Amino acid sequence: DLLNERRVCAVREDGQGDVHIEGLREIEVADEEQFLTVLAEGSTQRTTRSTEMNSDSSRSHAIFSVTLSSGGKLSLIDLAGSE
């Protein structure tokens with residue numbers, strides 16, 4: 001978890017086939033500015049390395065999940081080395 005001091009999270013599936021991530025930190029934000037601050041904080045915690053294709057390539061996967069007050073959910077996913 002990039003927002004929780006890089007602690008390892010355990011991924012578990014329950015009896016109904018739903019996936020739960022134990023130890024995942026959730027942060028409630030009130031506005032766009034806070035949202036972008038949290039997104040930037042997680043991004044700065046990612047590991048990067050130089051590759052032949054990119055001088056600053058991500059070496060860690062990232063999933064940024066947003067649960068809206070209306071109940072909808074959005075997941076932004078960046079796979080390591082996907083350039």
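Of the 83 residues in this chain, 13% count as buried, where buried means under 20% relative accessible area, exposed means over 50%, and partly exposed lies in between (1.4 Å probe, protein chains only). Keep in mind that this is a predicted model, in which local features need pLDDT of at least 70 and side-chain atom pairs count only at pLDDT 80 or more, while totals for chains, interfaces and linings use all residues. Residues are numbered from 1 along each chain as its sequence is written, and side-chain values use heavy atoms, with hydrogens and water left out.

Let's start with the overall layout. The chain has one helix and six strands, taken as DSSP runs numbered from the N terminus (helices: H or I, at least four residues; strands: E, at least two). Along the sequence they follow the order β-β-α-β-β-β-β.

The helix is a good place to begin a tour. H1 covers residues 32–44, and its 13 residues should span 18 Å at 1.5 Å a residue; the end C-alpha atoms are indeed 18 Å apart, so expectation and model agree. The expected span here is 1.5 Å times one less than the number of residues. At the N-terminal end of H1, Asp-31 acts as a cap, with a side-chain oxygen 3.2 Å from the backbone nitrogen of Glu-33. Such a polar contact is a pair of N or O atoms within 3.5 Å; within protein, one must be able to donate a hydrogen and the other to accept it, and residues adjacent in sequence count only if both atoms are side-chain atoms.

Next, follow the helix to its aromatic partner. A search of the whole structure turns up one aromatic pair. Its members are Phe-35 and Phe-64, whose ring centres lie 5.4 Å apart with planes at 70°, so the arrangement is edge-to-face. For rings of Phe, Tyr and Trp (its six-membered ring), a pair needs centres within 6.5 Å; planes under 30 degrees apart count as stacked, over 60 as edge-to-face and the rest as tilted. Because Phe-35 sits in helix H1 and Phe-64 in strand S5 (residues 62–67), the pair ties together parts that are 29 residues apart in sequence. Phe-64 is buried at 16% relative accessibility, whereas Phe-35 is partly exposed at 24%. Leu-39 also belongs to helix H1, and its C-alpha lies 7.6 Å from that of Phe-64, although 25 residues separate them in sequence. With a relative accessible area of 31%, Leu-39 is partly exposed.

Now turn to the first two strands. One salt bridge is found in the whole structure, this term meaning a side-chain nitrogen of Lys or Arg within 4 Å of a carboxyl oxygen of Asp or Glu. Arg-12 and Glu-22 form it, with their closest N and O atoms 3.2 Å apart. The pair links distant parts of the chain, ten residues apart: Arg-12 is in strand S1 (residues 10–13) and Glu-22 in strand S2 (residues 19–22). Both ends are partly exposed, Arg-12 at 45% and Glu-22 at 43%.

Val-19 is also in strand S2, and is exposed at 53% relative accessible area.

Finally, look at the loop between S2 and H1, where Glu-28 is found. Glu-28 is exposed, at 78% relative accessibility. Its C-alpha is 9.7 Å from that of Val-38, ten residues away in sequence.
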